[in-house]
Every structure is written in C-alpha cells, then in structure tokens.
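Please explain how this protein chain is put together, moving from the overall arrangement to individual residues. The account should be suitable for a reader who works at the bench.

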Amino acid sequence: MLLGLYDFILNFVMIVYNRTEYKKLSPKQYKKEKKRLQVELLKLQQWTVKHSKRIAIVLEGRAAAGKGSTIKRFIENMMTNGLNVKEMGVPTKYQRQNWFKTWNRMLPKPGNITFFDRSWYSRAT
C-alpha cells in the first residue's frame with residue numbers, strides 16, 4: 001500500500017507541476033488517466049479510514065488560479081464522509097497571533113482527508 005501511495009503522490013506532483021505531460025494526451029487518454037488517478041485516490045481514502053490516518057492536502061496559489069476547480073475534480077468521486085474542504089481566507093488578528101491553535105483546529109480528524117484551498121494572500125498577511 002505504501003508503494004501505491006508513493007505512486008499516487010508522484011502522479012499528483014506530475015499533474016500539478018508538470019502540466020505539459022497531460023497536454024500531450026488526447027481527450028480519451030485524459031479521461032482514462034483521470035479515472036485511474038481517481039481510483040487511486042479512493043484507495044487512499046479507504047486506507048485512511050481503515051487505519052484512522054489523517055491526510056491534509058494543501059493547494060496554494062493566487063486568487064482565481066483554479067485551486068477550487070482542482071479540488072472539485074479531485075473530490076467528485078470520493079466518499080463524502082471522511083472528506084473536508086477548508087477555504088483559508090485572510091486570517092483575523094486573533095488567528096495571526098494564535099496560528100498554531102487555528103491550524104490545529106482545522107487539521108483532519110482520524111480517518112479523514114482534508115483539502116485546504118489557501119490563497120497566497122493569506123500567507124502574506
């Protein structure tokens with residue numbers, strides 16, 4: 001299972017950082033690859049639930065960079081129980097001063113996967 005998780009993360013990194021690889025695919029090949037990756041994500045989610053693990057996936061970028069749409073594609077075939085999406089807006093003064101408490105409350109519970117939609121602007125403030 002660990003090797004499968006490693007392969008999934010490697011594929012994920014390739015999608016995010018090396019988009020040119022996917023530009024070469026035909027629409028039919030793209031759908032086939034997307035389905036394969038979604039199956040791997042479901043396996044990861046089942047493993048997370050079975051072993052009470054926590055997984056946090058952070059997508060960070062500028063406003064309107066497509067983070068929300070990317071998360072939507074990732075979660076469209078996942079089981080909704082054990083899945084959370086958190087949008088990280090501009091932190092309040094209290095959140096900036098108590099950043100550890102703020103993040104600790106948002107971290108996934110055992111058996112859950114949480115996607116964080118985090119703008120670069122929230123990091124800069």
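The paragraphs below proceed from the whole chain to its core, and then to particular residues.

The structure is a predicted model. Its protein chain contains seven helices and three strands, and along the sequence these elements follow the pattern α-α-α-β-α-β-α-α-β-α. Of the 125 residues in the chain, 30% are buried. The accessible surface comes to about 9000 Å², and carbon and sulfur atoms account for 57% of that area. Among contacts with a separation of 6 or more, 77% join residues that are 24 or more positions apart.

In soluble globular proteins, nonpolar side chains tend to be buried together. Here the largest nonpolar core has 11 residues: L41, L44, I55, I57, L59, I71, F74, M78, L83, I113 and F115. Two or more of these residues come from each of helix 3 (27–50), strand 1 (54–61), helix 4 (67–75) and strand 3 (112–119). The element that gives the most is strand 1, which provides three residues.

Helix 3 deserves a separate description. Its 24 residues should span 34 Å at 1.5 Å a residue, and this agrees with the 34 Å that separates its end C-alpha atoms. The buried residues of this helix are E33, L37, Q38, L41, L44, Q45 and T48; L41 and L44 also belong to the largest nonpolar core.

Beyond helix 3 lies S52, in the loop that leads to strand 1. Most residues other than glycine have a negative phi. S52 is not a glycine, yet its phi is positive, at about 50°. S52 is also partly exposed, because its relative accessible area is 46%, a value between the limits of 20% for buried and 50% for exposed.

The aromatic residues come next. A pair of aromatic rings is described by the distance of the centres and the angle of the planes. How many aromatic pairs does a search of the whole structure find? The search finds two. One of them is formed by F74 and F115, a tilted pair with 5.9 Å centre to centre and 45° between the planes. Because F74 lies in helix 4 and F115 in strand 3, this pair ties together parts that are 41 residues apart in sequence. F74 counts as buried because its relative accessibility is 15%, which is under the 20% cut-off. F115 is likewise buried, with a relative accessibility of 0%.

W103 and F116 also form a tilted aromatic pair, with 5.4 Å centre to centre and 50° between the planes. This pair links distant parts of the chain, since W103 is in helix 6 (residues 99–106) and F116 is in strand 3, 13 residues apart. W103 is partly exposed, with a relative accessible area of 26%, whereas F116 counts as buried at 1% relative accessibility.

What surrounds F116 in strand 3? Leaving aside neighbours within four places in sequence, F116 is in contact with A56, I57, V58, L59, I71, K86, M88, W103, M106 and L107. Of these contacts, I57, L59 and I71 are members of the largest nonpolar core. M88 is 28 residues from F116 in sequence, but the C-alpha atoms of these two residues are 6.8 Å apart in space.

Technical notes: Residues are numbered from 1 along each chain as its sequence is written. This is a predicted model: local features need pLDDT of at least 70, side-chain atom pairs count only at pLDDT 80 or more; totals for chains, interfaces and linings use all residues. Side-chain values use heavy atoms; hydrogens and water are left out. A nonpolar core is a set of buried Ala, Val, Leu, Ile, Met, Phe, Trp, Tyr and Cys residues joined through side-chain atoms within 4.5 Å. Buried means under 20% relative accessible area, exposed over 50%, partly exposed in between (1.4 Å probe, protein chains only). Helices (H or I, at least four residues) and strands (E, at least two) are DSSP runs, numbered from the N terminus. Contact means heavy atoms within 4.5 Å. Accessible areas come from the Shrake-Rupley method with a 1.4 Å probe; for residues, only the protein chains shown count as cover. The expected span of a helix is 1.5 Å times one less than its number of residues. Rings of Phe, Tyr and Trp (its six-membered ring) pair if their centres lie within 6.5 Å; planes under 30 degrees apart count as stacked, over 60 as edge-to-face and the rest as tilted.
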